[in-house]
Every structure is written in C-alpha cells, then in structure tokens.
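Reader: I've got a protein model open and I keep meeting words like "buried" and "pocket". Could you walk me through how those labels get earned?

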Amino acid sequence: MTKKQRAAEIIALLEQEYPLADCTLDYDEAWKLLVSVRLAAQCTDARVNVVVKELYEKYPSPAALAAASVEEIEEIVKPCGLGHSKARDIHKCMNVLVEQYDGRVPEDFDALLALPGVGRKSANLIMGDVFGKPAIVTDTHCIRLVNRMGLVDGIKEPKKVEMALWKIIPGDKGSDFCHRLVHHGREVCTARKAYCEKCVLKDICKGVIK
C-alpha cells in the first residue's frame, strides 16, 4: 500500500468518525481567528476561547486593537501565556491590517506569512477555514499522528511534514483532515498514550501494536 492509498483510507475513516470537521477556536470574523491562533501557541484552544471574549468586547475591531497599547492587550491575554510577545505580535499585526489592507485579512498565503506573528500553520488555518482554499495545518496533533500512522517517516519539523503531506493528501481534503486529526489526537491517539483498541484506524495504522 502506498502512502497516498493509506492516506485516502485514513481520510475516509476519519470522515465517518468525525463528520463535523470544525476549528476548535471560536470566531465569527477572519481577523479574530488570526488573533486567536496567535494566542493558542502553547495554550489550549478552550482557554483562548474564554480569554478572547473580554478582548473582543473591549476591542471589537482591528482598528481598536491597533489603537490599544501593547500593555493594555497584554493585561487581557496574559492568561494564555507568553503575554508580552503575543500582545506585541497582535498589536503589530492589527496595525498592518489597518494600514495596508483596510482592516481586512488578505486572501493570499504569502501576504499572510508576512504578517507579524503569523507562521505557516496560522496562514494555512486562515486559508482553509476562512477562504476555503487548499490547506494543511501541521500542529502538534497532526505531526504526532501522521508519524504514528505511517504517512510520514520520522519527520518532526512542521514545514517538512506539511510538504510531505501535500504529496499524498488531496488539496480539498487537507484542511478538514487536519481538524479531524485534532479531534482524534485529543480523544483517542493522545500524546501520552494511543488507545489503539478503540481506534477506528486500528486495522490500517502502522503504529498499532498487533
């Protein structure tokens, strides 16, 4: 079985297991997802979803966040950890959106990468979830699971994992596949232990102990 064939079977099984492939960060506007994904670094999505409620009540637009001070933003977001650096990146990012894009999030991968605090994972998330474009989000769940499944071989660097997956995952499936990996990684194939006995992929996954 080739990696592409294995990927197709895994995608189909995860689609049945998790029919709703949704982002676990709450947002209703593109710029809010941009803020939340920066806050989610080394922090749980659940905590971010709580923290941003106060942030968006006080600063309801990119312009409002751009006009705030880094210290004011930090005071609210510090429960997410790395408060100063995250507040600084958010402040710079919102300023760029206001000054260069009239407060809108650009629908271009390279333009997203050029925004302060935005890496490939964040840019792919925006492209897939907001704009419906082909995307592969290589977060910690994705990297751990695709290695266990045998879709990549001992690759840990996010960009290298992403490039390897582009070769075997159909573009229109990538974004939802990665969301399903998050759900599966939290519920079944956890970092601490893989619960293979209850896994829908147990007959195909290379990581299963027979």
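**How the labels are earned**

Author: Sure, and keep in mind that this is a predicted model. Let's start with helix α2, residues 30-39, where nine of the ten residues are buried.

Reader: Which residues of α2 are the buried ones?

Author: They are Trp-31, Lys-32, Leu-33, Leu-34, Val-35, Ser-36, Val-37, Arg-38 and Leu-39. These buried residues pack against α3 (45-58), α4 (62-67), α5 (70-77), α6 (83-101) and α8.

Reader: Okay, take one residue. Why is Asn-124 called buried?

Author: Asn-124 has a relative accessibility of 2%, and the label needs a value under 20%. So Asn-124 counts as buried. Its place is in helix α8.

Reader: What is Asn-124 in contact with, leaving aside its neighbours within four places in sequence?

Author: Phe-109, Ala-135, Ile-136, Val-137, Glu-162 and Trp-166. With Val-137, 13 residues away along the chain, the C-alpha atoms are separated by 5.6 Å.

Reader: And what makes the link between the side chains of Asn-124 and Glu-162 a polar contact?

Author: The side chains are joined at 3.3 Å, and the cut-off for a pair of N or O atoms is within 3.5 Å. So the pair of Asn-124 and Glu-162 qualifies as a polar contact.

Reader: How do you know whether Thr-138 is buried or exposed?

Author: Same kind of check: Thr-138 comes out at 6% relative accessibility, and buried means under 20%. Therefore Thr-138 is buried. You'll find Thr-138 in the loop between α8 and α9. A polar atom of its side chain lies 3.3 Å from the backbone oxygen of Pro-158. Beyond its neighbours within four places in sequence, Thr-138 is in contact with Lys-121, Ile-143, Pro-158, Val-161 and Glu-162.

Reader: What about Cys-189: why does that one count as buried?

Author: Cys-189 has a relative accessible area of 11%, which is set against the limit of under 20%. So Cys-189 gets the label buried. Cys-189 sits in the segment after α11. Its contacts beyond neighbours within four places in sequence are Arg-144, Leu-145, Arg-148, His-184 and Ala-194. Arg-148 is 41 residues away along the chain, and its C-alpha atom is separated from that of Cys-189 by 9.1 Å.

Reader: Now the empty spaces. What makes something a cavity rather than a pocket?

Author: In a cavity a 1.4 Å probe fits but cannot get out, whereas a pocket is open. A search of the whole structure finds one cavity of 30 Å³ or more, and about 60 Å³ of space lies in the largest cavity.

Reader: Which residues line the largest cavity?

Author: Leu-34, Val-35, Arg-38, Asp-89, Ile-90, Cys-93, Met-94, Pro-116, Gly-117 and Val-118. The largest share, four residues, comes from α6. The lining divides into seven nonpolar, one polar and two charged residues.

Reader: And what about the largest pocket: what volume does it have?

Author: About 470 Å³. It has 25 lining residues, and the closest to its centre are Asp-45, Lys-121, Val-137, Asp-139 and Thr-140. The elements giving two or more residues to that lining are α8 (120-129), α9 (140-149), α10 (158-166) and α11 (174-187). With four residues, α11 gives the most.

Reader: How does the lining of the largest pocket divide by residue type?

Author: Into eleven nonpolar, six polar and eight charged residues.

Definitions and conventions. Residues are numbered from 1 along each chain as its sequence is written. This is a predicted model: local features need pLDDT of at least 70, side-chain atom pairs count only at pLDDT 80 or more; totals for chains, interfaces and linings use all residues. Side-chain values use heavy atoms; hydrogens and water are left out. On a 1 Å grid over the protein atoms alone, a cavity is a set of points where a 1.4 Å probe fits but cannot get out, and a pocket is an open set with protein on both sides within 12 Å along at least five of seven lines; lining residues have an atom within 4 Å of a point. Grid points are joined across faces, edges and corners, and a volume is the space filled by probe spheres set on the points. Ala, Val, Leu, Ile, Met, Phe, Trp, Tyr, Cys and Pro count as nonpolar, Asp, Glu, Lys and Arg as charged, and the others, Gly among them, as polar. Buried means under 20% relative accessible area, exposed over 50%, partly exposed in between (1.4 Å probe, protein chains only). Contact means heavy atoms within 4.5 Å. A polar contact is a pair of N or O atoms within 3.5 Å; within protein, one must be able to donate a hydrogen and the other to accept it, and residues adjacent in sequence count only if both atoms are side-chain atoms.
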